[in-house]
Amino acid sequence: MSEESGGRKNLRMPDDDELFAVVTEHNGGNHVRVRCEDGKNRMGRIPGRMKYRTWINEGDVVLVEPWDWQDEKANIEWRYSGQDADQLRREGHID
């Protein structure tokens with residue numbers, strides 16, 4: 001990896017049905033409020049596979065997959081570290 005790339009990593013990008021979102025509120029248990037890139041606020045559900053391994057805090061950048069049958073809810077699919085989120089901002093993927 002060259003110096004000028006500034007340590008750029010290949011980050012997980014959203015699939016067709018996934019969106020970037022920012023956690024705005026922790027509602028206890030495995031639920032968080034997220035503000036998605038499409039402008040909607042949704043209730044995010046942290047799946048069991050992430051619940052104890054990945055700590056999700058307010059302000060974290062996450063990937064969510066909105067539910068087909070209930071658009072105001074979404075599953076959290078991935079959490080970006082602070083550095084990864086900064087990289088996404090620099091590259092213009094998120095505000």
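Begin by selecting strand 4 (residues 61-66) together with strand 5 (73-79), which pair in the antiparallel sense over 5 bridges. The model on screen is a predicted one, and this tour should be read with that in mind. Follow the chain from strand 4 into strand 5, and you will pass through a hairpin whose connection comprises 6 residues. To see how the two strands are matched, pick out V64, which stands opposite I76 in strand 5.

Keep strand 5 highlighted and add strand 3, residues 41-45, whose pairing with strand 5 is parallel and runs over 3 bridges. Here the residue to display is G44, placed opposite A74 of strand 5. Strand 5 therefore has a pairing partner in strand 3, by the criterion of at least two bridges between two strands, and another in strand 4, where the bridges number 5.

Next, centre the view on E77, which also belongs to strand 5. Is this glutamate buried or exposed? With a relative accessible area of 15%, E77 counts as buried, because the limit for that class is under 20%. Showing its surroundings, and leaving aside residues up to four places away in sequence, you will find that E77 touches R12, E18, R49, M50, L63, V64 and E65. Among these contacts is V64, the residue already met opposite I76.

Now move to the aromatic residues, of which the structure holds 2 pairs. Select F20 and Y80, whose rings form a tilted pair with 5.9 Å from centre to centre and 45° between the planes. The pair links distant parts of the chain, since F20 lies in strand 1 while Y80 sits in the loop between strand 5 and helix 2 (82-90), 60 residues apart. Both F20 and Y80 are buried.

Leave F20 selected, as it leads to the last stop, the largest pocket, whose lining is made up of F20, A21, V22, R35, C36, E37, G39, H93, I94 and D95. Two or more lining residues are given by strand 1 (19-26) and by strand 2 (31-36), and the largest share, 3 residues, comes from strand 1. If you colour the lining by residue character, it divides into 5 nonpolar, 2 polar and 3 charged residues. The space in this pocket amounts to about 200 Å³.

Key. Residues are numbered from 1 along each chain as its sequence is written. This is a predicted model: local features need pLDDT of at least 70, side-chain atom pairs count only at pLDDT 80 or more; totals for chains, interfaces and linings use all residues. Side-chain values use heavy atoms; hydrogens and water are left out. On a 1 Å grid over the protein atoms alone, a cavity is a set of points where a 1.4 Å probe fits but cannot get out, and a pocket is an open set with protein on both sides within 12 Å along at least five of seven lines; lining residues have an atom within 4 Å of a point. Grid points are joined across faces, edges and corners, and a volume is the space filled by probe spheres set on the points. Helices (H or I, at least four residues) and strands (E, at least two) are DSSP runs, numbered from the N terminus. Ala, Val, Leu, Ile, Met, Phe, Trp, Tyr, Cys and Pro count as nonpolar, Asp, Glu, Lys and Arg as charged, and the others, Gly among them, as polar. Rings of Phe, Tyr and Trp (its six-membered ring) pair if their centres lie within 6.5 Å; planes under 30 degrees apart count as stacked, over 60 as edge-to-face and the rest as tilted. Buried means under 20% relative accessible area, exposed over 50%, partly exposed in between (1.4 Å probe, protein chains only). Contact means heavy atoms within 4.5 Å.
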